[in-house]
There are 2 protein chains.
Amino acid sequence: MNKQQLFENIQHKKSFLCIGLDTDIKKIPTYLLKDQDPIFTFNKAIIDATADLCIAYKPNLAFYESLGVKGWIAFEKTVNYLKENYPDQFIIADAKRGDIGNTSEMYARSFFDELDIDSVTVAPYMGEDSVKPFLLYPEKWVILLALTSNKGSQDFQLTEDKSGEHLFEKVLKKSQEWANDEQMMYVVGATQGKMFKDIRKLVPNHFLLVPGVGAQGGSLEEVCKYGMNSTCGLIVNSSRAIIYADNTEKFAEAARTAAKEVQEQMAEQLKAIL
Amino acid sequence: MNKQQLFENIQHKKSFLCIGLDTDIKKIPTYLLKDQDPIFTFNKAIIDATADLCIAYKPNLAFYESLGVKGWIAFEKTVNYLKENYPDQFIIADAKRGDIGNTSEMYARSFFDELDIDSVTVAPYMGEDSVKPFLLYPEKWVILLALTSNKGSQDFQLTEDKSGEHLFEKVLKKSQEWANDEQMMYVVGATQGKMFKDIRKLVPNHFLLVPGVGAQGGSLEEVCKYGMNSTCGLIVNSSRAIIYADNTEKFAEAARTAAKEVQEQMAEQLKAIL
């Protein structure tokens, strides 16, 4: 999916919501456990209940890997289900990968070739040759970690170099030598508030993937105030607050209600640019 | 496995070799492709041919994931085969993981609980709360990326802060607040040569996982000269130069010959401390 298509979906749906499929076998309604593939059954129900309200889904690989082979089956089924039934959804493999060139090549093959996923989150620590193999696929995206939503983001990402530049700013600058805003997005946590203002100076046109609204406490209003650009430029993720809104047989309905609430707030924010 | 046991294995085998199982379906002998699970068949043959010469195996997750569900099956079978037949081998899941707390928890569950693997490589970019969940398992190890073997290591890892401290040095210092040398190791590329001297000032007692000897061009002699400590403190990995030494029916034999050559060099280097 290219940038223009993504923006068209946002305009059409009045939403820039991404729903994080952090599907945890210990948190889904217990009656689903009788099912042959409870993780996929859960995801399918969530997707069917929310697809008209969001423009992206973000399965978090850790949750699938923690179940080994069964988890990978559920992950692949989820991706295939999305591709067949909701081809307008932007799929993000939240994997935070990144390794030496020949290894990153294998990860790229896995996500882009085998599974035809739109994008993958990548960690920048290992530098250019760890990121570049992901950039060889047209209309596929690298979503590079810049300033994350967690407390630990302060440990290294905010380190200042001699000129006062933070590490995450260096990541934003340097990585623009590798790809432009048609192939690269950045992870910036919703909990970072006003930092979005500085970030937009460095990447005015890029899409930002913004986790941390909801369970992690970030404010949608603040993110929009400082982070929205003329093509929206934001994909805001919510995981737990939506998919675990309820854990009875009404979980999908409750997820829809939670997603709808966020979508309506987003529609309001989008008035500024649409 | 604890540090003492690891050192005993090194003394006993006169080796600190780790063999990287970067098993690529496109590089293994073609006659194996007739097999039901060619990746596992290949790994099993390599392991059986080399286990007395090395103290660790490092399956690289990317190579398994690139095959989807089939790859995960091969990965799990490889780990189980090692645990059952060569329980003295230190297993490293080379995964370069690291995410917000609840996600890193899932990765830790996956590698340590489900698969009972000894260690996992972790990327430091997201800071303390992305690493800590891996440290909750006794006698399991985090191998944190510090100064990697690839060219891109220069992009961010060598960034100097105001006091002249490199980012990788900050990682080495800061992470010692999270765990000691009984639970933490560091990745330092063999291609970094004399940098080992500076690194040893910061982490005199830690084990270092050293990739980059072999295909990537690092020198074993230099690594030992500047990096070895009184309990060896080095696990030197070679992947491609050993496992792809030959791609005929004699591949396992050739892998043994290649491993033997490295092991003999290591025995020589170990004379300095044993």
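Is E139(A) buried, partly exposed or exposed? With a relative accessibility of 40%, E139(A) counts as partly exposed, because the cut-offs are under 20% for buried and over 50% for exposed. Before I go on, please keep in mind that this is a predicted model.

Okay, let's stay with E139(A) for a moment. You'll find E139(A) in the loop that runs between α6 (128-131) and β5 (141-147) of chain A. Its phi is near 60°, which is a positive value in a residue other than glycine.

There's another one to look at, K96(A). This residue isn't a glycine either, and K96(A) has a positive phi of about 50°. K96(A) sits in strand β3 (residues 90-97) of chain A. And how accessible is K96(A), buried or exposed? K96(A) is buried, at a relative accessible area of 7%.

Next up, a helix. Take α12 of chain A, residues 251-270. What span should we expect for its 20 residues? At 1.5 Å a residue they should cover 28 Å, and the C-alpha atoms at the two ends are 28 Å apart, so the two values agree.

Now look at which residues of α12(A) are tucked away. The buried ones include F251(A), A255(A), A259(A), V262(A), M266(A) and L270(A). What covers them? Among the elements of chain A that cover the buried residues of α12(A) are α1 (3-13), β1 (17-21), α2 (38-50) and α10 (220-227).

You can zoom in on α2 of chain A by clicking on T50(A), which is placed in that helix. T50(A) is buried, with a relative accessible area of 0%. Who does T50(A) touch, if we leave aside its neighbours within four places in sequence? The contacts are I19(A), Y57(A), A255(A), R256(A) and A259(A). Two of those names, A255(A) and A259(A), also came up as buried residues of α12(A).

Right, aromatic rings. To describe a pair of them, you give the distance of the centres and the angle of the planes. A search of the whole structure turns up 21 aromatic pairs over all chains. One of them is Y64(A) with F75(A): that pair is tilted, at 5.6 Å centre to centre and 50° between the planes. Y64(A) belongs to helix α3 (residues 61-65) and F75(A) to helix α4 (residues 69-85), both of chain A, so the pair ties together parts that are 11 residues apart in sequence. Both rings' residues, Y64(A) and F75(A), are buried.

Over in chain B, try W72(B) and F75(B). Their pair is edge-to-face, 5.3 Å centre to centre with 80° between the planes. These two share helix α4 of chain B and lie three residues apart, about one turn of the helix. W72(B) and F75(B) are both buried. And here's a nice thing to find on screen: ring pairs link Y64(A), W72(A), F75(A), Y64(B), W72(B) and F75(B) into a cluster.

Last stop, the largest pocket. About 210 Å³ of space lies in it. Which elements give two or more residues to its lining? Those are α2 (38-50) and α4 (69-85) of chain B. The most comes from α4(B), with four residues. Among the lining residues are I25(B), D37(B), I39(B), L67(B), K70(B) and K77(B). By type, the lining divides into six nonpolar, one polar and three charged residues.

That's my tour, thanks for listening!

Notes. Residues numbered from 1 in each chain as written. Chains lettered and ligands numbered in written order. Predicted model: local features only at pLDDT ≥ 70, side-chain atom pairs only at ≥ 80, totals over all residues. Heavy atoms only, no water. 1 Å grid on protein atoms, 1.4 Å probe; cavity = no way out; pocket = protein on both sides within 12 Å on 5 of 7 lines; lining within 4 Å. Points joined across faces, edges and corners; volume = space filled by probe spheres on them. Nonpolar A, V, L, I, M, F, W, Y, C, P; charged D, E, K, R; others polar. Expected span 1.5 Å × (residues − 1). Buried < 20%, exposed > 50% of the residue type's maximum accessible area, 1.4 Å probe, protein only. Contact = heavy atoms within 4.5 Å. Phe/Tyr/Trp six-rings, centres within 6.5 Å; stacked < 30°, edge-to-face > 60°.
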